[in-house]
Amino acid sequence: MNIMDFNVKKLAADAGTFLSRAVQFTEEKLGQAEKTELDAHLENLLSKAECTKIWTEKIMKQTEVLLQPNPNARIEEFVYEKLDRKAPSRINNPELLGQYMIDAGTEFGPGTAYGNALIKCGETQKRIGTADRELIQTSALNFLTPLRNFIEGDYKTIAKERKLLQNKRLDLDAAKTRLKKAKAAETRASSEQELRITQSEFDRQAEITRLLLEGISSTHAHHLRCLNDFVEAQMTYYAQCYQYMLDLQKQLGSFPSSYHSNNNQTSVAPVPSASSNVIGSSALTSTSSLVIASPSNLTDLKECSGSRRARVLYDYDAANSTELSLLADEVITVFSVVGMDSDWLMGERGNQKGRVPITYLELLN
């Protein structure tokens, strides 16, 4: 027998097997043939593996979005990865913003208050950009790569063996069907022999698949360690960013108060919240006629029962009837009310009265 004849016979045998499986599968779907059910333990393992695959893919993709929000950049990185080439270094958003701030501060003049502040902010933004880059690299290596290895490696092997098990199961059930239909003794003996072979092959494949699926528990344990590494990387990143901003705030707070008093345009009005009392930083010096609304001064005002006069720093439009609209540079009377939110005071202008945000005020002596 030459190679050509062997290949033809093999193709014919494969076609016959494929047709037999197709017929068995169709008859099962139509309820015209019996189906061998897998044991409950194996079914549970298959379900666990599928669940692991689905959620691993979702977590992996969303982590990629978190680390790199730009979809075009993600596609570019994917292409370079598939080509087994290193993606070119790209400046990230914090670094770009930092460079713009530094350039602007240099243009305005490092000796000016605004220029100096821009340069300091720009340097901090660039440090944050570096920390962001380190977070991406660490997370990709210690978290994303193991998840991707599972999807592209272990689970592909499981899926392959699972498909093979399905084919062996179809072969087994097709053999059972042929045995039921066999009438002649010779045909029946041949069908019984075929059934024993297909049963043995099915049992062997079921055992191989089971052993692979039982490794999912080890996969979960490995992914747990990777998750801890990811959390640690995030913790380091946010701690660095917090420290950078804390240092920046101290540097900006060291500027003379005259620099801060130039910011009474409505376009830079701060959001009324307790955390935005940058205007009244205790690091600012005060003149003889002006007391910045620092947290300590506001605390004193809230604890006393009297009223104080305050200058309005920014325009403010009342959100409802309980609040008082303000105009920049006007002087109003303010006092505290028991039970009022710590971010607010009661303001009074003539016959008008309402709540006003403390971050919009400078207390006067």
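**Exercise 1. At what angle do H2 and helix H5 (residues 113–181) pack, and how far apart are their axes?**

Before the solution, two conventions apply. The model is predicted, so that local features need pLDDT of at least 70 and side-chain atom pairs count only at pLDDT 80 or more, while totals for chains, interfaces and linings use all residues. Residues are numbered from 1 along each chain as its sequence is written, and side-chain values use heavy atoms, with hydrogens and water left out.

Step 1. Helices are DSSP runs (H or I, at least four residues), as strands are (E, at least two), numbered from the N terminus; axes are lines fitted to C-alpha atoms, for helices over the stretch in contact, with angles from 0 to 180 degrees between N-to-C directions.

Step 2. H2 and H5 pack at an angle of about 150°, their axes being 10 Å apart.

Step 3. H2 and H5 are therefore roughly antiparallel to each other, given that angles over 145 degrees count as roughly antiparallel, under 35 as roughly parallel, 65 to 115 as roughly perpendicular and the rest as oblique.

Step 4. The contact of H2 with H5 has 15 nonpolar, 4 polar and 6 charged residues, where Ala, Val, Leu, Ile, Met, Phe, Trp, Tyr, Cys and Pro count as nonpolar, Asp, Glu, Lys and Arg as charged, and the others, Gly among them, as polar.

**Exercise 2. Describe how H7 is placed against H2 and against H5.**

Step 1. Helix H2 (residues 40–67) and helix H7 (residues 216–253) pack at an angle of about 15°, with axes 12 Å apart, which makes H2 roughly parallel to H7.

Step 2. In contact (heavy atoms within 4.5 Å), Lys 48, Ala 49, Thr 52, Thr 56, Thr 63 and Leu 66 in H2 meet Ile 216, Ser 217, His 220, His 223, Phe 230 and Gln 234 in H7. These residues of the contact of H2 with H7 divide into 4 nonpolar, 7 polar and 1 charged.

Step 3. For H5 and H7 the angle is about 175° and the axes are 9 Å apart, and these two helices are therefore roughly antiparallel to each other. By class, their contact has 21 nonpolar, 10 polar and 6 charged residues.

**Exercise 3. Trace the pairing of strands E3, E4 and E5.**

Step 1. Strands pair if DSSP finds at least two bridges between them. Strand E3 (residues 331–335) and E4 pair in the antiparallel sense over 3 bridges, with Phe 335 opposite Met 346 in E4.

Step 2. Strand E4 (residues 344–349) pairs with strand E5 (residues 352–357) in the antiparallel sense over 6 bridges; Trp 344 stands opposite Pro 357 in E5, and Leu 345 has Val 356 as its bridge partner in E5.

Step 3. The hairpin of E4 and E5 has 2 residues between the strands, and Gly 350 takes a positive phi near 60° there.

**Exercise 4. Over which residues does pLDDT stay under 50?**

pLDDT (the predictor's confidence in each residue, from 0 to 100) averages 81 for the protein chain, with 77% of the residues scoring at least 70. It stays under 50 over residues 256–296, for which the model has 65 contacts beyond four places in sequence.
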